[in-house]
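Please open the structure in your viewer and keep the selection tool at hand. The tour below moves from one selection to the next and says what is found at each stop.

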Amino acid sequence: MSTATHHQTTELDRVVIRFAGDSGDGMQLTGTQFTSVSSLFGNDTATLPDFPAEIRAPAGTLAGVSAFQVHISDHDILTPGDSPSVLVAMNPAALKTNVDAVAPGGTLIVNIDAFDERALDKADYRSNPLTDGSLASYTVYEVPMTSLTLEVGKEAGVKPRDAERSKNFFALGLVSWLYSRPVEPTLEWIGKRFATTPLVQDANTRAFKAGYNFGETAELFESNYQVRPATLDPGVYTNVTGNTALAWGLIAAAHQAHLPLFLGSYPITPASDILHELSKHKQFGVRTMQAEDEIAGIGAAIGAAFGGSLGVTTTSGPGADLKAESVGMAISLELPLIVIDIQRGGPSTGLPTKTEQSDLLHAMFGRHGEAPLPIVAAMTPSHCFDTALEAVRIAVKYRTPVILLSDGYLANGAEPWRLPDVATLPDLHVEFATEANHAEDDGEPVFWPYLRDEQTLARPWAIPGTPGLEHRIGALEKEDGSGNVSYDPVNHEHMVHLRARKVAGIADDIAALEVDDTDGVGGAPVLVLGWGSTFGAIAAAVRRVRARGLKVAHAQLVHLNPFPSNLGEVVRAYDKVLVPEANLGQLAKLVRAEYLVDAKTLSKVQGVPFRAAEIEAAVLDMLGVDPTVTPAEEEVAS
Amino acid sequence: MTDTTVPVTTRKDWTSDQEVRWCPGCGDYSILAALQMLLPDLGVRRENTVFLSGIGCAARLPYYMNTYGMHSIHGRAPAIATGLAVTRPDLDVWVITGDGDALSIGGNHLIHALRRNVNLTILLFNNQIYGLTKGQYSPTSEQGKVTKSTPFGSLDRPFNPVSLALGAEATFVARTHDMDRKHMQEVFRRAHDHKGASFVEIYQNCNVFNDGAFEKITGRDVRTENLIPLVHGEPIRFGAEGQRGVVLDPDGRLRIVEVAEVGEDALLVHDERRDEPGLAFQLSRLARGPFEPTPIGVFRAVDGPEYGEAMNQQLLEANEKKGPGDLAALLTSGGTWTVEN
């Protein structure tokens, strides 16, 4: 590979690149590898994969476009970037569906070979955008990616039809040159990934090098760019997606609780990768069962929990609907259980591959009867690991099902994660009951399955196989203490209150809500209150507002039920509270109901995460500031 | 699990302190008694025994057993039991269910527990009616059944539970009835001892909403003429003098014959260990319903890989191959880089 360069190299503090192509073009693979190399190089990174629900929509159509956005930076970043500054478009459909997202003045790198009449027609282009002047506000580079890839494929001895499939590696090579990425890691990765198919390995290697060299030698680009390594906290890092972090968090939690992990799950987008990941790690004693349906998945997890395992079920919205009855039973049985909902656009089948935060009220209230349970939500891909540990801590300590909310954005998005020292993970050890806990009137010792710990109100967990503690539990109302079936009206009321009190009491056992307010709680005129995956966009927006010399506070909820005990105090300390949510205002509704505070909703339900600029604009509006005055967004980290 | 050091117990030890609340005269009483009297003879411990159920009259049974138990939600017991059985192979897990619970709302879980061959003993109390909800037709009710929900007669064709279980290739399938304790106990014992999923249909009389549903075949005076006992390795014959039998015709059909007419050698010899379930399936459909000669006993008892054991084997193999799980190694498995001070 040529190393001499006559190009100049321009320094950038950050860049947002979007790779877009047909579903079959390998854009996810390309984007993931570019991210991985950038992380290894030392940049901070954040990603946003965006792909259709269809496995392969007809080639070249708008419906079949798959994209992967990555933000790389020389400083710490919080989001995958509001708008790409570079779009790599492998065909007209990819250009058409993504060009509007590109910042004005941005760069478009298009595969000119794909812009024939037929392809333009499939993408509903009346005229060729490359020649009709409609892209005048962008810098457009037309690169014959397909023909150059075919050329090197021929050298490798690959049939033209197969050779064409390496064109994403050409694109990867070109962008790697453009952003001065080291080539060795990618060459190594290609070597490993395609080790079993040497011909493909060779073709991809050649295409990658061809792309790199094209950038180097073609008199097309005036400059290439350098994004220096970020100054991240010292430590060992890995790149992790939310679903992988969640799976690892569950393994770690089971390990810390000394419980065997059992997952009962039915495949559903975007949760299936947790099932896939956990199925790989049987050496940890992890049992995974692909159940016949969503209900069996949670049922088996409850059966495993009854037997003393850490029972887990994973799903997304439609599956969460189906599991509702079983979750209610777990509340009545008071058994530990982890229910993971990777939220996606609803209602019904909705948008399987697009993100949303619209299951919060379902998690809160989606069961008949008074059926409260704790809810936690992850904020970032790597935070899914901590959230899994926290969910398990609460579930085993309080003998309750816990719903863990993540979403499609966190599930598939990746970020560098500074690995924790496993020796410092929390101890989640749990004691099973081993002895009778009550005496009959005649003094005979007996075991009462619903005799509670006075402080936590948790009932004992007595697992089959323990002599003398034989007992029956069920989904009928039971008498407090003995656990016998009871239809007594006063007992029922007592039990309803007791179950509510048990969950509410967890508020004393969770961290107080931290508020990021430079002047201390109540200092800024506006509080932005978020939950879950809006963390990055809100934090980035807050940086931008502060860069204008304005004041704004930020708090992000991980515990949605119960709320941290200081939440009321926090929201009442601000004149204005803004709640950005990827729903129609579900957290805002809860906060208003609970604290009688006039929290305002900033809603977005487009299947994509908030952009920092959108939240920034809403904050400025609340502050009564004209957003057109003061600094341009390029000057502020996001 | 047979354990020779198991303490001697009596029926009383297996009986909980809960008052039994079925209607007086219900067939469930005799099934409960048969079970409680049998358990002391199975060589098992109370603490290692779990009864799981869904919803329905039969589903109350776990409350009456002095063992571990769970009265769960409608139709889900086979799924819950699967999670328990695969994570706790040391336990004896029984599933108590009914025709509505197992074949209507929980039909999916039943067939999948059977096809996976999970180590469960499933007892289906079939009374051909919904009892707990007070008398609607069930998935085993005869077509044309007049009930509160079908005043003009039911339209659905009934399931034959034994056929269904055989269709799912259950490795142990049997039928018994609530009027014969000895037969029940023999079938329950064999179902318990079988490794893998065992399915037992029990014809059970609901004297309130469907009284006499099985009277034509289980009544004391008609029983010998209308129940066809299946005995492994024996020609299939029945009647007071064993005067009638079953033959397999050259066209592949089963037919009831007079033994005197065809000769004993022409009778079909019952083979419960036959791997191919087709003949057992045919036997299960010899009667069109419980009003004409009906086979009872063990239709099928074959060996097959048990799901939980296979799952646990994979864990052992992973452990041997990769060593015990190492958290730090897991977290670095995707490749790492180090940021220095």
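Begin by selecting A:Leu261, which, leaving aside residues up to four places away in sequence, touches A:Leu250, A:Ile251, A:Ala254, A:Phe284, A:Gly285, A:Val286, A:Ser309, A:Leu310 and A:Val312, where touching means that the C-beta atoms, placed from the backbone, lie within 7 Å. Apart from the largest nonpolar core lies another, of 55 residues, including A:Val37 and A:Met145; such a core is a set of buried Ala, Val, Leu, Ile, Met, Phe, Trp, Tyr and Cys residues joined through C-beta atoms within 7 Å, and a buried residue has 20 or more other C-beta atoms within 10 Å of its own.

This is a predicted model, in which local features need pLDDT of at least 70 and side-chain atom pairs count only at pLDDT 80 or more, while totals for chains, interfaces and linings use all residues. Residues are numbered from 1 along each chain as its sequence is written, and chains are lettered from A and ligands numbered from 1 in the order in which they are written.

Next, select chain B, whose mean pLDDT (the predictor's confidence in each residue, from 0 to 100) is 96. Its C-alpha trace spans about 95 × 50 × 50 Å along the principal axes, and 48% of its 341 residues are buried.

Finally, select residues 77-87 of chain B, helix α2 (a DSSP run of H or I, at least four residues, numbered from the N terminus). Eleven of its eleven residues are buried, so helix α2 of chain B is largely enclosed by the rest of the structure; among them are B:Ile80 and B:Leu84.

Terms used. Buried ≥ 20, exposed ≤ 12 C-beta atoms within 10 Å, placed from the backbone. Contact = placed C-beta atoms within 7 Å. Helix = DSSP H or I, 4+ residues; strand = E, 2+ residues; numbered from the N terminus.
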